Amino acid sequence: MESSKMPGWKSLPIGGAIINPPTSLEYKTGTWRTFRPIIDQEKCVRCRLCWAYCPDGAIIELDKEYVTKAGRKYSVTYEINYDYCKGCGICAHECPVKAITMVEEGG
């Protein structure tokens with residue numbers, strides 16, 4: 001009876017290694033989504049949780065002042081780069097003030 005040998009750990013590929021990181025900019029993945037997040041800038045308190053939890057880095061922080069209708073001033077604004085957003089909804093789920101809603105894509 002012939003025994004088959006399993007490959008040793010040294011022959012396994014390195015997991016989680018990005019060999020050429022800038023190439024991720026070439027792969028726009030936004031076409032995967034069925035729902036897209038929309039940020040209500042009036043409700044947003046700039047807590048940064050959406051930015052921190054986004055698994056794709058699709059939420060960007062801009063040095064762009066925003067003044068709410070109530071007169072509150074913010075020095076940053078958060079926007080979504082829809083080229084990379086896959087519509088997972090994590091940002092909307094984590095938002096403590098429910099400033100992010102998920103809407104049907106193309107609707």
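**Cavities and cysteines**

Modeller: By class, 11 nonpolar, two polar and two charged residues line the largest cavity. Keep in mind that this is a predicted model.

Biologist: How much space lies in that largest cavity?

Modeller: About 100 Å³.

Biologist: Which lining residues are closest to its centre?

Modeller: C54, P55, C85, C88 and C91, out of 15 that line the largest cavity.

Biologist: How many cavities of 30 Å³ or more does the structure hold?

Modeller: Two. The second largest has a volume of about 80 Å³.

Biologist: What lines the second largest one?

Modeller: Ten names here: I39, C44, V45, C47, R48, L49, C50, C95, A99 and I100. By class, that lining has nine nonpolar residues, one charged and no polar.

Biologist: Switching to cysteines. How many disulfides does a search of the whole structure find?

Modeller: Zero. Take C54: the nearest cysteine sulfur belongs to C88, and it is 6.2 Å away.

Biologist: And C95, why no bond to the closest cysteine sulfur?

Modeller: Because that sulfur, in C47, is 5.8 Å from the sulfur of C95, which is too far. A disulfide needs the pair within 2.5 Å.

Biologist: Is C54 buried or exposed?

Modeller: Buried. Its relative accessibility is 18%, and the cut-off for buried is under 20%.

Biologist: What about the relative accessible area of C95?

Modeller: C95 has 8%, so C95 is buried. C95 also lines the second largest cavity, while C54 is among the residues closest to the centre of the largest.

Technical notes. Residues are numbered from 1 along each chain as its sequence is written. This is a predicted model: local features need pLDDT of at least 70, side-chain atom pairs count only at pLDDT 80 or more; totals for chains, interfaces and linings use all residues. Side-chain values use heavy atoms; hydrogens and water are left out. On a 1 Å grid over the protein atoms alone, a cavity is a set of points where a 1.4 Å probe fits but cannot get out, and a pocket is an open set with protein on both sides within 12 Å along at least five of seven lines; lining residues have an atom within 4 Å of a point. Grid points are joined across faces, edges and corners, and a volume is the space filled by probe spheres set on the points. Ala, Val, Leu, Ile, Met, Phe, Trp, Tyr, Cys and Pro count as nonpolar, Asp, Glu, Lys and Arg as charged, and the others, Gly among them, as polar. Buried means under 20% relative accessible area, exposed over 50%, partly exposed in between (1.4 Å probe, protein chains only).
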